[in-house]
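Colleague: Hi, have you got a few minutes to walk me through this model? I'd like to start with the strands and then move on to the ligand.

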Amino acid sequence: MSEAYDTIVVGARAAGSALAINLARSGQRVAVVDRASFPSDTLSTHVLYPNALAALDRLGALDEILWHEPPPLHTSWHHENVSWRAAHTPIAGRDWALCVRRFTLDAILVRRARAAGATVHERFFVERLLGAGTDTDPVHGIAGRFDGVQVELRARQVVGADGARSTVARLLGVGREEVAASPTAMAYAYWRGIPRRELQEFYVQPPWTAMHFPADDGYHVVAVLGPHEGWDGRPRAQTYLARVHAVPQLRRRLERARMSKKVIAATALDGFWRRPTGPGWTLVGDAGHFKHPAAVQGIADALAAAEALAPMLLAGTQRRAFGPWRESANRELYDFSRRAARAPERDETAALMRALAREPALARDFVDVYSRTRRPSELLDRLAVAAA
Ligand SMILES: Cc1cc2nc3c(=O)[nH]c(=O)nc-3n(C[C@H](O)[C@H](O)[C@H](O)COP(=O)(O)OP(=O)(O)OC[C@H]3O[C@@H](n4cnc5c(N)ncnc54)[C@H](O)[C@@H]3O)c2cc1C
C-alpha cells in the first residue's frame, strides 16, 4: 500500500473524522486511520451541548444521531434541599443537550467521513512517522500495522487526532506543557431499564458529585466525580455503587435497573497543552490540548478545532494561525475546567446553589458557559456577588 494523499489523519473519532469530513468536502484526498474498528466505545460520559449539536449538524451527522432517540436534556442540580433547573440559550433552535454514547456517535462520524470521500482504514495501528518533523525532513507519511500487515502511507502532511496519549506527539517528541494536575477522578457505568427522563442531573454531596445522563438507545450513564482515593485496592464497583446509592433519588431510580458489568474509572485526567504544529504535522483534539472532563468540553472542542483547522490546512497557514486560534478559543475554559474539576466543599456549594436557585437568569448563564454562549469571565463575578 503506497498511495499518496494530501492529508493523513491519525484517529477517527471526534477530531479526526470531523477534520476528514471538512477536508474531503473541499476536494482533498484524505486518509483517516484508526487502530479501533467501529462501532467502538471510548472513555467519555458523552454529553453534547447545543454548540456541539450545531457542529454535528454541519457535519451532516445529527439526523442519524437522532434516530437513536437520545432524549433532549435540560439541566438540573441538587444539593441538600435546594434544586434548580435551566435550559440553554438556544443555538440553531436547540436549548437542550444530548448524551450519545461514543459507540453510536463515533461510528456515525466515521460513516460521514467515508460518505464525504475520505478513505478510512480501521484496525490501522500507527507505529512510525515518515520524516522527522524538521524543516529539512518534514513529516510526509505514516507506517504501521494494518490488519496485522506492515504498510506505509504517504501524504503532504499528517495530523495527529489520536487522543490525549497521542502516538504522533510521542513519535515527534512533543511533550505536555502547562500540566494541570487533576484534583478529582471520575467513574461511570451504563444502565438500562430506567424510564425515559429529559434531564441531565447533578447531585452534589461534598466531596462527591453524582450525575445521571439519559442517553441513546435506552441507555443511561450514571457517573460520579470525586477524590482520587477509593479507586485503587478495592473493587471499583463497590466504591462506585456506594457513591451512587448515597443519593436517595438515584438509589430509588436504579432499584429496578440493570447495570453494565464494567465500572469505568478515569483517574489520569490532568489538563495540558502541546505545541500544535510543525513541519508536516499538526495535533488536533485531545492530542494537542486536554481539559478535565468536569467542564464537559472535549467533544465540542475537538469538533470546533477540526472545523477551524481545515481551511488553515487547505491554505497552508496552520503553522502561524492554528496556535493563536486554539489559545483564544480555549484559554478561559481551561481555567474554568480547573475550577469545575475541584471536589465541592459544603459551604461554598450551599451558597452557590441557593444563588442559582434564586436567580433563573444566573442559572441559565451558568449552563451557557458549558455551551459557550457565555464566557466564564462574564459569570464568575456575578456568581460570587450572588453567593455572598
Ligand atoms: C471520563 C471522561 C469523561 C468525558 N466526558 C465527556 C463528555 O461528557 N462530553 C465531552 O464533550 N467530552 C467528554 N470527555 C472528553 C472527550 O472524550 C474527549 O475530549 C474526546 O474524545 C476527544 O476526541 P479526539 O477525537 O481528540 O480523541 P479520542 O476520542 O481520544 O480519539 C483518538 C483516536 O485515536 C486512535 N489512536 C490512538 N493512537 C493510535 C495509533 N497509534 N494508531 C491508530 N489510531 C490511534 C484511538 O484508537 C482513538 O480512536 C470525557 C473524557 C473522559 C476521560
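Modeller: Happy to! One term up front: buried means under 20% relative accessible area, exposed means over 50%, and partly exposed is in between, with a 1.4 Å probe and protein chains only. Also, this is a predicted model, where local features need pLDDT of at least 70, side-chain atom pairs count only at pLDDT 80 or more, and totals for chains, interfaces and linings use all residues. Residues are numbered from 1 along each chain as its sequence is written, and side-chain values use heavy atoms, with hydrogens and water left out.

Colleague: Great. Why is strand β13 largely enclosed by the rest of the structure?

Modeller: Six of its seven residues, in the run 199-205, are buried, so the rest of the structure largely encloses β13. Strands here are DSSP E runs of at least two residues, helices are H or I runs of at least four, and both are numbered from the N terminus.

Colleague: And which way does β4 run relative to β13, parallel or antiparallel?

Modeller: Parallel: six bridges join β4 (residues 74-79) to β13. Two strands pair if DSSP finds at least two bridges between them. W77 has F202 of β13 as its bridge partner.

Colleague: What about β14?

Modeller: β14 (residues 208-214) is antiparallel to β13, with five bridges joining them. The two form a hairpin with two residues between them, and Q205 is bridged to W208 in β14.

Colleague: Switching topic: how many residues surround the ligand?

Modeller: There are 30, and the closest are R13, D34, T45, D286 and I299. A residue counts as near if one of its heavy atoms lies within 4 Å of the molecule or strand in question. β8 (124-130) gives the largest share of that shell, three residues.

Colleague: Any polar distances I could check?

Modeller: Sure. A backbone N or O atom of H46 sits 3.1 Å from a ligand oxygen, and for L43 the corresponding backbone distance to a ligand oxygen is 3.4 Å. In the side chain of T167, an N or O atom is 2.9 Å from a ligand nitrogen.

Colleague: Last one: which residues have the most contacts inside the largest nonpolar core?

Modeller: L19, L56, I65 and L303, in a core of 48 residues. Such a core is a set of buried Ala, Val, Leu, Ile, Met, Phe, Trp, Tyr and Cys residues joined through side-chain atoms within 4.5 Å. Helix α8 (298-315) supplies the largest share, 11 residues.

Methods. Polar contact = N/O pair within 3.5 Å; in protein donor to acceptor, adjacent residues only side chain to side chain.
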